[in-house]
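Several terms used for protein structures rest on numerical cut-offs. The exchange below asks how such terms are justified.

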Amino acid sequence: QEALPPSCESQIYCHGELLHQVQMAKLYQDDKQFVDMPLCLAPDQVMQRFNELVSTHNHSIPQQQLQLFLKEHFQAVGQELESWTPEDWKDSPRFLQKISDPKLRAWAGQLHQLWKKLGKKVKPEVLLHPEQFSLIYSQHPFIVPGGRFLEFYYWDSYWVMEGLLLSEMSQTVKGMLQNFLDLVQTYGHVPNGARVYYLQRSQPPLLTLMMNRYVTHTNDTAFLRDNIGTLALELDFWAENRNISVSSRGKTYILNRYHVPYGGPRPESYSKDAELADLLPEGDRETLWAELKAGAESGWDFSSRWLIGSPNPDLLSSIRTSKLVPVDLNAFLCQAEDLMSNFYTSLGNDSQAMKYRNLREQRLVAMKAILWDEEKGAWFDYDLENGKKNQEFYPSNLAPLWADCFSDLGVVDKALKYLEDSQILTYQHGIPTSLRNTAQQWDFPNAWAPLQDLVIRGLAKSPSPKTQEVAFQLAQNWIRTNFDVYSQKSAMYEKYDISNGGQPGGGGEYEVQEG
C-alpha cells in the first residue's frame, strides 16, 4: 500500500524521526504535550542537532540524552499564548435576572465568570516565527475549551458562541468568527483546531450556523456581506473532498462523509496510534491511521459508531469511519445550505440563493432515501460496505430535527416514540451517547452537552405539548446533573457518566477535562 501524505509538512510536529523517537519514548503522560511545545531555534537548526545526536547514538538515543535535547531546544507548553479578559464581558447580563431560583442563579453567575478564565490571545512572536510553533496564528483573541485544550476547536466553538451571545459578548464572537474565516481563506477549510498537526482534518461544519447566530443577534449584515464568499468556500471543501455517491433502488444520491486520506499516527496521540497499528499487518496500518483521523474529524473520537460492521466492533483497530454516511454531518450540511440560501436572498443574490435551495432539496431527498427509517421514526448512519443502516442508538440519529432538515413536522413526534422505544427516557441524568459500552469516550455511559442539545432543541420544534414536555424534562435532567457535579467539584466537565447518578465521565484517550 502506498504511503499517504503526512498531517502537515513540519518534520517536528507532524512526521519524521524526531517526532517518532520522542513520542515512542513516552517522556510525557500525554502525547499532546510534546507537539504543543514551541521551539527555541529555527526548525532546521533543531533538526540538524537532532540528526547529529541520532548518528552519535546510531538511532537509539538514551532517554536522558533525549530529555536533555528537548530541554535545550523546546520551550514549555502554553508559552505562545497569553491570558485575555474579553473586553465585552460585563457584570450582570440579562439572562441572569431571568433565573428565579437563587441557587441556579448563583451557579449561572459563576459560569459567566468562566469566560475570563478561558480567554486566550496569541503572542506576536507566533506571527513573526510561525515555523517555531505548532499553534496556528490567530489575529483575534478567542475562548478555548479548557484543560489540555489550549487552542480553539471547530465544533466546540459553536456552543461556546451560543454561550457568549447569552452573555451578550458579541464582539468576542465576531473575533472568533473572523479567525475561522481567516483559516478558510488560508487553507480552504476550517481545521479540527488551531494547530498545524490538525490541518488536514476538519470537524462538524458549523461555521455557517455560527454566522447565522451572530447576525441574528447583532444584525451585522455588513459582516455577512463581506464574508459570505468565504462561507461558500468552506461548503465547497465538503462538497469536493468529503462527498460520496450512494446507490439505492436503481437511483444514485450524493451525500457526505468524514474522510481524511492522510498517513501516519496522529501527532498528538502518536504512541497510542503507533501501538494500535502494531497489532495489524503492515499493509493495513496507513488505512487505520487515516480512519482514526476521520474519526477525529467527526468530533466523536472515538465511538462504537465508527467500529460497527467490522469483524470485531469493540476494538479501536476495527475503526472504519469513512465507510459510513453519518446522519449528523449530512444534517449539518443541509442546515448550512438552508442558511446560505436565506443569506443570499437577504443580500439580493437570487441565483446563488437558488443554487443552495436546490442543494438542500437534493440532500433532503437523499437523506430520506438512504438514512431515514419510517418504521423506527429516526435516521441512521448508512454503512457503505455492507449496504445497510446501523440500527444502534445514537443521539445523532435525531440531528436532522435540530438542524431543521426535514419536510414534514410529523417526524418530530415519531422521534419521541423512537426515544421511548429505545428506552432512552429511562435515563434520569442525561441522554447517553450510545447504548454500547466500549470504553471509548463517545459511548455509554458518557453523556455530552452538544448531544443533549441536538435532541432537546430538536424535540422542542414539535407542535405537540407532550413532546414539548419531554424536551423540557430532558433539559431539566441535564441541568441537574451539571449542577450536582458542580456543587461537589466546583467545575464543569466536558462529559458526564450518567450510569449511577451524574459523575465526571471517563474512558477514551485522556483524563476527563474541566472547562
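The following questions and answers concern this predicted model.

Q: What makes the pair formed by tyrosine 158 and tryptophan 159 edge-to-face?
A: The planes of tyrosine 158 and tryptophan 159 stand at 80 degrees, with the centres 4.8 Å apart. Rings pair if their centres lie within 6.5 Å, and an angle over 60 degrees counts as edge-to-face, so both conditions are met. A search of the whole structure finds 31 aromatic pairs.

Q: Why is the pair of phenylalanine 237 and tryptophan 238 called edge-to-face?
A: The ring centres of phenylalanine 237 and tryptophan 238 are 5.7 Å apart, which is within the 6.5 Å limit. Their planes meet at 85 degrees, which is over 60, and therefore the pair is edge-to-face.

Q: How do you know whether phenylalanine 237 is buried or exposed?
A: The relative accessible area of phenylalanine 237 is 10%. Buried means under 20%, so phenylalanine 237 is buried. Tryptophan 238 has a value of 0% and is therefore buried by that cut-off.

Q: Which residues form one aromatic cluster with Tyr158 and Trp159?
A: The other members are Trp155, Trp300, Phe332, Tyr394, Trp402, Trp442 and Trp448. Both tyrosine 158 and tryptophan 159 are buried.

Q: What makes the charged end of arginine 305 one that sits over the ring of tryptophan 300?
A: The charged end of arginine 305 lies 4.5 Å from the centre of the tryptophan 300 ring, and the distance limit is 6 Å. The charge must also be within 35 degrees of the ring normal; arginine 305 is listed as sitting over the ring, so that condition is met as well. In another such case, the charged end of lysine 116 sits over the ring of tryptophan 89, 3.7 Å from its centre.

Q: Why are strand 1 (81-83) and strand 3 (142-143) said to stand at the edges?
A: The sheet is open, with three strands in the order 1-2-3 and antiparallel pairing. Strand 1 and strand 3 each have a single partner strand, so one side of each is left without a neighbour in the sheet.

Q: How do you know that strand 1 and strand 2 (residues 119-122) pair?
A: Three bridges join strand 1 to strand 2. Pairing requires at least two, so the two strands pair. Glutamate 82 stands opposite lysine 121 in strand 2.

Q: Why is asparagine 212 called buried?
A: Asparagine 212 has a relative accessible area of 15%, which is under 20%, and is therefore buried. Asparagine 212 lies in helix 10 (residues 207-218).

Key
Residues numbered from 1 in each chain as written. Predicted model: local features only at pLDDT ≥ 70, side-chain atom pairs only at ≥ 80, totals over all residues. Heavy atoms only, no water. Phe/Tyr/Trp six-rings, centres within 6.5 Å; stacked < 30°, edge-to-face > 60°. Buried < 20%, exposed > 50% of the residue type's maximum accessible area, 1.4 Å probe, protein only. Helix = DSSP H or I, 4+ residues; strand = E, 2+ residues; numbered from the N terminus.
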